[in-house]
Amino acid sequence: MVKSLTAKEILKIIEKMWASTDDIKKLGCVGNNKALKIKNEIKTRMQEEGYAIPRNLVDMKLVTEYFNIDEQRVKFLASKGGVCNE
């Protein structure tokens, strides 16, 4: 069963510079295998764009783009204490 995240929990994750597999699992509500696949897709994109890639991490900006997360909306909901998904 997937745990719902509050806007504050999402904001805490997306404020990081780099995303781990666990971050991707939480944001995408996916399992480990799917998160690794997503991370590899993003890592490939980063290599193609010439990024310097830290070991086992990917750019959080690209993760939020992948999941189409509206950071401004999340910040607004977090300020109101709202829940993003249930």
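**Exercise 1.** In this predicted model, determine which residues Asp23 touches, not counting residues up to four places away in sequence, and decide whether Asp23 counts as buried or exposed.

*Solution.* Begin with the contacts: leaving out residues up to four places away in sequence, Asp23 touches Ile13, Lys16, Trp18 and Met60. Next, place the residue in its element, which is helix H2. Finally, consider the relative accessibility, which is 4% for Asp23; since buried means under 20%, Asp23 counts as buried.

**Exercise 2.** Describe how the axes of H2 and H3 are arranged, and list the residues through which the two helices meet.

*Solution.* Two packed helices are described by the angle between their axes and the distance between the axes. Here the axes of H2 and H3 come within 9 Å and cross at roughly 110°. Angles of 65 to 115 degrees count as roughly perpendicular, and H2 and H3 are therefore roughly perpendicular to each other. On the H2 side the meeting residues are Thr21, Ile24 and Lys25, while H3 contributes Asn32, Ala35, Leu36, Ile38 and Lys39.

**Exercise 3.** Work out how the buried and exposed residues of H3 are distributed around the helix, beginning with its span and ending with what follows it.

*Solution.* Helix H3, residues 32–48, has 17 residues and reaches 24 Å from its first C-alpha to its last, which is close to the 24 Å expected at 1.5 Å a residue. Its buried residues are Ala35, Ile38, Lys39, Ile42, Lys43 and Met46. Seen down the axis of H3, these buried residues fall within an arc of 140°, so they line one face of the helix. The face turned away from that buried side carries the exposed residues Asn33, Gln47 and Glu48. As for packing partners, the buried residues of H3 pack against strand S1 (18–19), helix H2 (21–28), strand S2 (58–59) and helix H4 (60–66). After H3 comes Gly50, whose phi is positive, near 80°.

**Exercise 4.** Identify which residues of the largest nonpolar core touch the most other members, and trace which elements give two or more residues to this core.

*Solution.* The core has 20 residues, of which Ile14, Ile24, Leu27, Ile42, Val58, Met60 and Val63 touch the most other members. The elements giving two or more residues to this core are helix H1 (7–14), H2, H3, H4 and helix H5 (71–80), and the largest share, five residues, comes from H1. To examine one of these residues in detail, take Ile42, which touches Val58, Leu62, Val63 and Tyr66 when residues up to four places away in sequence are not counted.

Terms used. Residues are numbered from 1 along each chain as its sequence is written. This is a predicted model: local features need pLDDT of at least 70, side-chain atom pairs count only at pLDDT 80 or more; totals for chains, interfaces and linings use all residues. Side-chain values use heavy atoms; hydrogens and water are left out. Helices (H or I, at least four residues) and strands (E, at least two) are DSSP runs, numbered from the N terminus. The expected span of a helix is 1.5 Å times one less than its number of residues. Buried means under 20% relative accessible area, exposed over 50%, partly exposed in between (1.4 Å probe, protein chains only). The arc is that of the directions from the helix axis to the C-beta atoms. Contact means heavy atoms within 4.5 Å. A nonpolar core is a set of buried Ala, Val, Leu, Ile, Met, Phe, Trp, Tyr and Cys residues joined through side-chain atoms within 4.5 Å. Axes are lines fitted to C-alpha atoms, for helices over the stretch in contact, and angles run from 0 to 180 degrees between N-to-C directions. Angles under 35 degrees count as roughly parallel, over 145 as roughly antiparallel, 65 to 115 as roughly perpendicular and the rest as oblique.
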